[in-house]
Every structure is written in C-alpha cells, then in structure tokens.
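Here's a walk through one protein chain, from its strands to its surface. Have the sequence and the 3D view open as you read.

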Amino acid sequence: MEGEERVDDIEAVTYNMEQGKVVESRLTSRDVFTEKIDKNHFYKKFTFPNVQEGSILEYSYIIKSDFIFNLPSWQFQDESYPSLWSEFNVSMPGMLSYMSFFQGYHKFHINKSSKGFQSFSIRRRIPASGMTTARDESLTVSSPLVKQKWVIKDVAPFDGEAFLASPKNYIDKIGFQLFKTYDGEKFHDVANNWKTITDQLMNNDDFGKPLVDNTGWLDVLVSKVVDDGVTGMEAAKKIYYYVQDNFTCTSRYDKYIETSLPDVVKKKSGNVAELNLLLVAMLKRKFTRAFPVLLGTTAYGRNSSQYPEMDRLNYVIASLKIDTTTYLLDASVPFLPFGKLPADCLNGNARTISEDTTALNLDPKMHKEASLVQVFVHLDEKNELIGSYSKRLGLYESISAKSKMARSLAGFTDEVHKIFPEEFVVNNITVD
C-alpha cells in the first residue's frame with residue numbers, strides 16, 4: 001500500500017504545584033520514542049517529565065497523513081475515566097466530502113457548524129497519454145470550508161458488563177467516511193469499496209500474490225503432508241493440523257505477511273496472517289474454493305458491513321468450501337478444533353477476499369460454550385461425607401486449560417490446588 005501517516009510536533013507539559021506556584025516541566029526530544037510494530041505500523045511514545053501525584057498533564061501532536069479517506073474518529077467517552085468536557089473540532093475543505101457516523105447514547109452539549117473559504121495547494125497525478133509520460137501537476141484551489149464543533153460533557157466512564165464483546169461498539173464516538181473528492185475541475189466518487197480493496201489485496205506481495213505462487217515449493221510441501229489420493233475432509237484436516245501443530249504464532253493481530261511464506265516455513269513461526277495465509281495457500285493446492293478472510297477482533301470494535309474500515313480489520317483466517325459446506329479455520333491457535341474460531345474473532349462483520357468478496361457475519365452465537373459439572377456425595381459406614389466431583393470443560397475453557405498444561409504442567413497443577421479450600425486434599429493429578 002502506498003502512502004504514509006506520521007506523528008509530528010509532539011508537545012507535552014506536566015504542571016505541578018510547588019510552594020504555592022505552578023511549575024511547568026516540558027517534554028524534550030529525548031523523551032520521545034519510536035517503536036516498530038510491523039512493516040506497516042509504528043508506535044510513537046513519549047514520557048511526561050516530572051510526573052507526581054496530583055500533576056496535570058497536557059499534550060498535543062499533529063498527524064500528517066497521505067490517506068485522505070482516513071479522517072480520524074473521535075472518542076468522547078473513556079472506558080476507565082470520566083470525561084468532564086470532550087471537544088472535537090474539524091475543518092473540512094469542499095474538495096473532500098465526508099459522511100459522519102455517530103455512535104453512543106449521550107446528547108451533544110454543542111453541535112455547531114459554520115462556513116468559510118480557503119485556498120489549498122494540491123498535487124494530482126496526470127496519467128501518460130500518447131507521447132507524454134505520466135507526471136505530477138500542482139494546482140492552487142480555492143474551496144469552501146466547513147467547520148464543525150462537537151462537545152459532550154459530564155460523561156461517566158463506560159460501565160462494561162459481563163460477556164460484552166467490546167466496549168468500543170457502544171461508547172460515544174464519531175467516525176467519518178470519504179465519499180467524494182474535487183480536483184479543482186470536477187468531482188470524483190471515491191471507490192473505497194470491497195471490490196477495489198480486494199483487487200489491491202490480491203495483487204499485494206504482502207497478502208494475495210503468495211497464494212498463487214507457481215514456483216513449485218508449495219506443491220512439494222503439500223505432497224509431504226497429504227498422500228496422493230487423499231481428498232475432501234481428510235485432506236483438509238491434514239493440512240490444517242499440520243500448520244497448527246508445527247508452527248508457532250508470534251503475533252496474534254496482523255493482516256500482512258512481514259517476510260515471505262517460504263521464510264515462515266523455514267522458521268516454523270509467523271504472525272497470524274502469515275500462518276493462516278500459508279494455510280490458504282496449501283489448501284488451494286487441493287481445493288478450488290479456499291480464500292483468506294479479513295475480520296476485526298473484539299478488541300478493535302465492530303466494523304462496517306458496507307465499506308472497508310482497514311484500521312479495524314486486524315486479523316486473517318481461512319475460508320474453505322467442501323461440497324456445499326463452508327468451514328472457517330484458524331490454524332494459529334493451538335488446540336483449536338477444525339472448523340472453530342477463537343472467541344475474539346466472533347465480532348460481527350467479516351469479508352472473504354475473493355472475486356465475489358462475500359460478506360460474513362461472525363455472530364458470537366455461532367459457538368455456544370457449555371460445560372458440565374457433576375457432584376456425587378453420600379455417607380459412608382463411619383457416617384462421614386464422601387463423594388466425587390467431575391467437570392467437563394467447554395470449548396474455550398478446555399483450550400485455555402490445554403494451553404496452560406503445555407506451557408507448564410506444574411503451574412497448571414498448582415492452579416488446581418488453589419481452587420479447593422484447605423480441608424480438601426488434591427493428589428494423583430495425571431494428564432492423558
């Protein structure tokens with residue numbers, strides 16, 4: 001993907017009351033750090049100087065972005081702290097037309113718009129034509145300016161409830177979607193739709209191109225995993241469990257290949273996108289209907305079913321159709337059965353990245369967690385209570401237990417001992 005987005009001009013001040021006077025401590029360049037997340041994302045971090053109990057913190061920064069479709073959203077409500085006054089001001093030139101979407105339950109204290117006028121310098125790409133080559137052209141455009149101010153005040157922290165998928169689906173916030181641009185001569189509809197995004201992804205070296213690699217190494221790998229003549233569900237499960245059992249997931253949230261699929265096979269590890277795109281690439285050697293699926297996990301909030309919100313899509317799984325049944329697969333999670341998904345993937349809208357860009361609804365109701373507890377108690381010949389206790393774990397609870405056992409059986413047995421009161425004796429713990 002072309003373009004970049006960066007954070008500049010970070011300013012931060014810590015205010016402290018010392019001997020009856022307000023003392024300012026300002027941020028210096030050595031207090032700002034850049035941390036690489038992956039090839040497409042970086043964290044910009046900074047440390048407030050001289051922070052004490054009772055300090056007041058103030059900071060500002062400027063985001064410079066080539067992605068005009070990505071006007072940042074604004075969150076009026078916090079999950080942990082009350083908001084006495086949350087204000088968002090935006091000035092939108094007439095060259096860019098955005099739709100706004102509000103989510104939440106509190107009413108605006110201020111919702112005011114005004115109009116102005118301003119000149120902008122823009123650059124556009126002139127394609128090659130006849131004897132001329134492609135070139136950049138600079139224009140000065142005078143454009144109307146729409147200024148909007150939103151304020152919500154006295155908002156309590158969001159009070160999440162048990163089993164709520166993600167607070168981000170409900171807190172007060174406003175988001176935007178670019179739908180039209182003006183280049184100084186005419187308006188253009190913005191084709192920010194799933195067909196366009198799918199074409200881009202499938203022609204991207206970090207996503208779709210490796211799935212149709214014709215160098216032959218994938219055929220050799222699949223032939224080692226699946227014997228000749230093995231087809232259908234048996235072949236699909238062999239490929240799925242090969243990836244799950246032989247590869248380690250290094251990052252749970254990613255949608256791009258950081259290195260290459262041959263490198264992933266060599267290292268026996270990769271991020272969630274690399275492992276599941278490897279799964280798709282291997283399945284494609286045996287099945288015609290194997291595709292990647294983009295989704296956003298619960299931590300990122302629910303995304304739109306109508307248009308791609310790429311910043312909210314942070315996870316890749318595989319889709320496989322055998323006969324008339326479609327299976328959704330995630331080989332990055334140890335012990336996860338074939339055809340099941342992690343709980344945080346069940347977050348509403350998802351999208352199959354294929355020619356028809358099929359929309360999916362990953363409803364949490366798809367998988368119901370059920371466990372069974374049995375307790376038998378009776379009096380023995382000494383008139384003392386004796387009995388037995390058994391528990392059959394549900395899907396996600398059992399995956400958690402197996403993962404703990406795999407990391408440290410001693411640590412798991414310690415947890416079992418802590419569950420029961422002191423008057424209980426726990427011994428002879430065995431794992432099959």
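What follows is a short report on a few strand pairs, a surface patch, two turn residues and the cysteines.

## What kind of model this is

Keep in mind that this is a predicted model. The positions discussed below are numbered from 1 along the chain.

## The 2-1-5 sheet

Let's begin towards the N terminus. Three strands come together here as an open sheet in the order 2-1-5, with antiparallel pairing. Strand 2 (21–26) and strand 5 (56–65) are the edge strands, each pairing on one side only. Going from one strand to the next, the twist averages 20°. As general background, the strands of a sheet pair through backbone hydrogen bonds, and they can run parallel or antiparallel.

Zoom in on the pairing of strand 1 (residues 5–18) with strand 2: the two are antiparallel and share six bridges. One spot to look at is Met17, whose bridge partner in strand 2 is Val22. Over on strand 5 you'll find Glu58. Its relative accessibility is 45%, so Glu58 counts as partly exposed. Glu58 and Glu11 are 47 residues apart along the chain, yet their C-alpha atoms are separated by 8.3 Å.

## A hairpin from strands 16 and 17

Further along, strand 16 (residues 315–322) pairs with strand 17 (residues 325–329) in the antiparallel sense, over five bridges. Leu320 is the residue that stands opposite Tyr327 of strand 17. Together the two strands make a hairpin, and two residues sit between them.

What is the sign of phi at Asp323? It's positive, near 55°, and this is a residue other than glycine. That's worth a second look, because most residues other than glycine have a negative phi. Asp323 belongs to the loop between strand 16 and strand 17. With 71% relative accessibility, Asp323 counts as exposed.

## Strands 20 and 21: a nonpolar patch and a loop

Now for the surface. Which residues form the nonpolar patch there? They are Val373, Val375, Val377, Leu379, Leu385 and Tyr389, with about 630 Å² of accessible area together. Strand 20 (372–379) and strand 21 (385–392) each supply at least two residues of the patch. The biggest contributor is strand 20, which gives four residues. Val377 is found in strand 20, and it counts as exposed because its relative accessibility is 55%.

The loop between strand 20 and strand 21 holds Asn383. Here's another residue other than glycine with a positive phi, this time near 65°. Is Asn383 buried or exposed? Its relative accessibility is 57%, so Asn383 counts as exposed.

## Cysteines without a bond

How many disulfides are there? The count comes to zero. Cys249 is in no disulfide, and the nearest cysteine sulfur, that of Cys345, lies 11 Å away.

Why doesn't Cys345 bond to Cys249? Cys249 has the cysteine sulfur closest to that of Cys345, but the separation is 11 Å, so they are too far apart for a bond; a disulfide needs the two sulfur atoms within 2.5 Å. As for its surroundings, Cys345 counts as buried, because its relative accessibility is 1%.

Notes:
This is a predicted model: local features need pLDDT of at least 70, side-chain atom pairs count only at pLDDT 80 or more; totals for chains, interfaces and linings use all residues. Side-chain values use heavy atoms; hydrogens and water are left out. Patches are made of residues with over 30% relative accessible area and no salt bridge: like charges are joined within 9 Å, nonpolar side chains (Val, Leu, Ile, Met, Phe, Trp, Tyr) within 5 Å. Accessible areas come from the Shrake-Rupley method with a 1.4 Å probe; for residues, only the protein chains shown count as cover. A salt bridge is a side-chain nitrogen of Lys or Arg within 4 Å of a carboxyl oxygen of Asp or Glu. Buried means under 20% relative accessible area, exposed over 50%, partly exposed in between (1.4 Å probe, protein chains only). Two strands pair if DSSP finds at least two bridges between them. Axes are lines fitted to C-alpha atoms, for helices over the stretch in contact, and angles run from 0 to 180 degrees between N-to-C directions.
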